[in-house]
Amino acid sequence: MANWDAIVIGLGGAGSAAAYHLAARGCRVLGLDQHHRGHALGSSHGKTRIIRQAYFEHPSYVPLLRRAYQLWNELQLAYGEQLYHPTGLVELGPADGVVIPGVLRSAAEHGLAIEELSVDEVAHRWSGFAGPRLRQHGDWRAVIEKDAGYLRVEDCVEAHLRLAEQASATLRHDRPVRQWRTTGQGVEVTTDDGIEVAAKLVIAGGPWNGTLLSSHGIRLRVLRKYQYWYRPKLSGYAQHDGFPCFFHETPTGYFYGFPGIGDEGLKVARHSGGTPVESPTSPHPIDREEQRQIEDFLKGYLPGVGAQLKAQSGCYYTMTADEHFVVDLIPNAPQVAVVAGLSGHGFKFTSVMGELASQLAIDGETMLDTSLLRFGR
Ligand SMILES: Cc1cc2nc3c(=O)[nH]c(=O)nc-3n(C[C@H](O)[C@H](O)[C@H](O)COP(=O)(O)OP(=O)(O)OC[C@H]3O[C@@H](n4cnc5c(N)ncnc54)[C@H](O)[C@@H]3O)c2cc1C
């Protein structure tokens, strides 16, 4: 006899949302995480994450993003604190590159409001972007998405956890799951406290999913990544100046960042690259070469920021081969739902991932089309 309707392994971005949605549907939920609440050892820390809808990665994500936006709005209302900050996002790159054509395609297919600009117009609107290298790219275009912005990442996780508890979920941190297995129609999950039995299981172990799912034919690659905060030497880069989030497709990789927020500084990171690691470890060693690339990017494209580093933090991307997520039931184990391989662009989706995982676990199917995100695609 199951003592829980559902167990969720991993209470980070996706798992906290899954625990909330399951509990909100009246399930008796047990959530387990190996680390303490609010830890910075996985993939959901570092103050901010970009959220945008005109998705260059694939237009099929747009309906999921529409739902994600709704859910973030509902969450922040229920939590009583702002989680989503609509600063706008400027994306810049070659007219025939990956980002600009991808954004235009998603916007056209789904009727999304965007504004196309020349790079000169961008530099005129925000002088902070008027870097020496921008002017060299005669073939570049820019797109502005006004409803894009950022999410407060740790607060989003905490909001899901708190509302899950208010809906009667039991959450236990510092409880590593040592093993799980299916038993007939249900599951058994082993921790150092013993065995917990449930009817359904949701696995949302982020960069540890490779271990949790090692015998289920999912190949994930973990990359160590960094985020950097700089104290801008010139004014005009702060959120209160109207400076937006930004994403540049450059000849040396994809770089993105956020306006300066309060006294946190301006955060910037490199989306491409990253160091492959066997599994997450801490502390993160400093990567001088990546820091050099970041400062070279700033010098070329946001020259008023300078190179006064305020803070840096390591994090992990968990990559699938095609960089699309996996959200599905495990083949041959329909009582187990998985959210995995968020591939460095998944936080904005975690609200809807949690809802999809709860639907998979309870109903065996999802309300939205997730065919791009199936196990055996
Ligand atoms: C530097 C950086 C910048 C990013 N920028 C963006 C962005 O701007 N926009 C965006 O949308 N996305 C972004 N992402 C990606 C996004 O943050 C991740 O895709 C997302 O946070 C992953 O969430 P997750 O739930 O899969 O993993 P996590 O949040 O890491 O959660 C996994 C949880 O599972 C727990 N766990 C694992 N194994 C076990 C076990 N055996 N027992 C118990 N608990 C276990 C872990 O302790 C952890 O708490 C970025 C990622 C990084 C690293």
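**Exercise 1. The surroundings of β14**

Strand β5 (residues 89–94) and β14 share four bridges. State the sense of this pairing, then place β14 in its surroundings.

*Solution.* The model is predicted: local features need pLDDT of at least 70, side-chain atom pairs count only at pLDDT 80 or more, and totals for chains, interfaces and linings use all residues. Residues are numbered from 1 along each chain as its sequence is written, and side-chain values use heavy atoms, with hydrogens and water left out.

Step 1. Fix the terms. Helices (H or I, at least four residues) and strands (E, at least two) are DSSP runs, numbered from the N terminus. Two strands pair if DSSP finds at least two bridges between them.

Step 2. Take β5. Its pairing with β14 is parallel. L89 has C245 of β14 as its bridge partner.

Step 3. Turn to strand β15 (residues 253–257). It pairs with β14 in the antiparallel sense over five bridges. F247 stands opposite Y256 in β15. The hairpin from β14 to β15 runs through two residues.

Step 4. Check burial. Buried means under 20% relative accessible area, exposed over 50%, and partly exposed in between (1.4 Å probe, protein chains only). Six of the six residues of β14 (residues 245–250) are buried.

Step 5. Sort the directions. In a regular strand the side chains alternate between the two faces of the sheet. C245, F247 and E249 point one way from β14. F246, H248 and T250 point the other way. Both sets are buried.

**Exercise 2. Two helices against α8**

Classify the packing of α1 on α8 and of α2 on α8.

*Solution.* Step 1. Set the geometry. Axes are lines fitted to C-alpha atoms, for helices over the stretch in contact, and angles run from 0 to 180 degrees between N-to-C directions. Angles under 35 degrees count as roughly parallel, over 145 as roughly antiparallel, 65 to 115 as roughly perpendicular, and the rest as oblique.

Step 2. Helix α1 (residues 13–24) and helix α8 (residues 350–363) pack at about 55 degrees, axes 7 Å apart. Therefore α1 is oblique to α8. The crossing is right-handed; a crossing is left-handed if the near helix is turned anticlockwise from the far one by less than a right angle, and right-handed if clockwise.

Step 3. List the contact, meaning heavy atoms within 4.5 Å. α1 supplies G13, A14, A17, A18, H21 and L22. α8 supplies T350, S351, G354, E355, A357, S358, A361 and I362. By class there are seven nonpolar, six polar and one charged residues. Ala, Val, Leu, Ile, Met, Phe, Trp, Tyr, Cys and Pro count as nonpolar, Asp, Glu, Lys and Arg as charged, and the others, Gly among them, as polar.

Step 4. Now helix α2 (residues 62–79). Its axis comes within 7 Å of that of α8, and the two cross at roughly 100 degrees. Therefore α2 is roughly perpendicular to α8.

Step 5. L64, R67, A68, L71 and W72 in α2 meet T350, S351, V352, E355 and L356 in α8. The contact of α2 with α8 has six nonpolar, two polar and two charged residues.

**Exercise 3. H160 and its helix**

Is H160 buried or exposed, and what does H160 touch?

*Solution.* Step 1. H160 sits in helix α5 (residues 153–166). Its relative accessibility is 2%, so H160 counts as buried.

Step 2. Leave out residues up to four places away in sequence. H160 then touches S16, A17, Y20, W72, L75 and S351.

Step 3. Look at the strands by α5. The helix lies across β3 and β8, at about 55 degrees to β8. These strands belong to an open antiparallel sheet of three, in the order β3-β8-β4. Its edge strands are β3 (48–51) and β4 (84–85), each pairing on one side only. β3 and strand β8 (residues 149–152) share four bridges. R49 stands opposite L151 in β8.

**Exercise 4. Positive phi**

Locate D174, E323 and G184, and give the phi of each.

*Solution.* Step 1. D174 is in the loop between β9 (170–172) and β10. Its phi is near 55 degrees, positive in a residue other than glycine. D174 is partly exposed at 49% relative accessible area.

Step 2. E323 lies in the loop between β18 (309–319) and β19 (326–330). Its phi is about 65 degrees, though E323 is not a glycine. E323 is partly exposed at 42%.

Step 3. G184 is in the hairpin of β10 and β11, with two residues between the strands, and has a positive phi near 60 degrees. β10 (residues 179–183) and β11 (residues 186–191) pair antiparallel over five bridges. W180 stands opposite V189 in β11.
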